[in-house]
Amino acid sequence: MRSYSKSLAFPWSGVAALAVAAIIAAPTRPQAQVRPTAQGAWGGNTNGVGHYADVNGIKLYYETLGTGRPLILLHGGLGAIEMLGPNLPALAKGRQVIAVDLQGHGRTADIDRPLSVQLMADDIAALIKHLGLESADVMGYSLGGGVALQTAIRHPEVVRKLVVVSTPFRRSGFYPDILAQQGQVTAAAAEAMKQTPMYQLYASLAPRPEDWPRLLGKLGDAMKVDFDFSKELGGGQRDGGWDGSGRPKSRLAILPGLTHYTIFSAPALAATVIPFLDEPATPGK
């Protein structure tokens, strides 16, 4: 039986990317020290050291775990650092994980601007520079994957390797029923959504829990905006060749038996990502 592999190829200079999907079948310069992470509905205590960084007019919360090459880790929409669960300590073995609460999420209070992946990507690039890092690996899930992708597109000079988990590069990549669900995310849904684990986590961490309707409204507005990053991505697919010599630096990983709602806390995620991050970074082909 013939066997071959297909790999993604992205054009950014110096950035190797890993796209991960699910299928069924360094010394820092911290700002003020804060208390350790509280127990949350998705994962409990992260055991990270918490800080705030003042960047781009936002007081951005982040936690550091482990030592070694830096990895910026970004959660999904309506989540926080905790939602990555057991993947946090796994990824922190052999590297320094810098896990961030994005604008309006977790311990990072919202500010007067739209909730956009482009603006949040600028925050992440500013954080990398704030920490005195020449570059960092960047990994994001869902909304965080969109932010990670835009960080590489808008600021490739600060991204060494990119991991995008369960994130489409254009809005039409969502199933129609998912788009319908996204349309129901509004400020008016705030009371009903207080029964969800997303709200339980938010209420336990947010500096202003009363901003819950505001977050839902902003996130709902953001999800209604059409997007297509195809032109910025370029690339495509090509066969890796019998000996693997044609395989580009970027690739696609499919994790079987998982869904969009289970992949972020599944141990298989870290097990898939770590070998990619550990490979030496090489110039693109």
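**Exercise 1. The surroundings of Leu84**

Task: In this predicted model, determine which residues Leu84 touches, leaving out residues up to four places away in sequence, and whether Leu84 is buried or exposed.

Solution: Begin with the position of the residue, since Leu84 lies in the loop between β5 (69-74) and α1 (87-91). Next, list the contacts: not counting residues up to four places away in sequence, Leu84 touches Leu73, His75, Phe264 and Ser265. Then compare the accessibility with the cut-off, for buried means under 20% relative accessible area; Leu84, with a relative accessible area of 3%, is therefore buried. As a last step, take the backbone distance to Leu74, a residue 10 places away along the chain, whose C-alpha atom is separated from that of Leu84 by 8.8 Å.

**Exercise 2. The pair that includes Phe264**

Task: Phe264 forms an aromatic pair with Tyr141; work out what the geometry of the pair is and which parts of the chain the pair ties together.

Solution: The structure holds five aromatic pairs. In the one formed by Tyr141 and Phe264, the centres are 5.0 Å apart and the planes make an angle of 50°. Planes under 30 degrees apart count as stacked and those over 60 as edge-to-face, with the rest counted as tilted, so the pair of Tyr141 and Phe264 is tilted. Now place the partners: Tyr141 belongs to strand β7 (residues 136-141), whereas Phe264 is in the loop between β10 (251-256) and α8 (267-278), so the pair ties together parts that are 123 residues apart in sequence. Both partners are buried, Tyr141 with a relative accessible area of 4% and Phe264 with 9%.

**Exercise 3. The buried face of helix α5**

Task: Identify which residues of helix α5 are buried, and explain why they can be said to line one face of the helix.

Solution: The buried residues of α5 (residues 197-205) are Tyr199, Leu201, Tyr202 and Leu205. Seen down the axis of α5, these buried residues fall within an arc of 160°, so they line one face of the helix. The spacing can be set beside a general rule: an α-helix has 3.6 residues a turn, so residues three or four places apart point the same way. To find the partner of this face, turn to α6 (212-224), against which the buried residues of α5 pack. An aromatic cluster can be added to the picture, for Tyr199, Tyr202 and Trp212 form one such cluster.

**Exercise 4. Two nonpolar cores**

Task: Establish which residues of the largest nonpolar core touch the most other members, and which helix gives the most to this core.

Solution: Of the 50 residues in the largest nonpolar core, those that touch the most other members are Ile72, Leu74, Leu162 and Trp212. Helix α2 (residues 117-130) gives the most to this core, contributing eight residues. Taking Ile72 as an example, its contacts, not counting residues up to four places away in sequence, are Ile98, Val100, Ile124, Ile128, Ala136, Asp137, Val138 and Met139. A second, separate core has 31 residues, among them Leu88, Leu91, Leu258 and Val273.

**Exercise 5. Positive phi in two loops**

Task: Leu78 and Ser166 are not glycines; state what sign of phi each has and where each residue lies.

Solution: Leu78, in the loop between β5 and α1, has a positive phi of about 65°, and with a relative accessible area of 9% Leu78 is buried. Ser166, in the loop between β8 (159-165) and α4 (176-183), also has a positive phi, of about 55°, and is buried with a relative accessible area of 15%.

Notes:
Residues are numbered from 1 along each chain as its sequence is written. This is a predicted model: local features need pLDDT of at least 70, side-chain atom pairs count only at pLDDT 80 or more; totals for chains, interfaces and linings use all residues. Side-chain values use heavy atoms; hydrogens and water are left out. Rings of Phe, Tyr and Trp (its six-membered ring) pair if their centres lie within 6.5 Å; planes under 30 degrees apart count as stacked, over 60 as edge-to-face and the rest as tilted. Helices (H or I, at least four residues) and strands (E, at least two) are DSSP runs, numbered from the N terminus. Buried means under 20% relative accessible area, exposed over 50%, partly exposed in between (1.4 Å probe, protein chains only). The arc is that of the directions from the helix axis to the C-beta atoms. Contact means heavy atoms within 4.5 Å. A nonpolar core is a set of buried Ala, Val, Leu, Ile, Met, Phe, Trp, Tyr and Cys residues joined through side-chain atoms within 4.5 Å.
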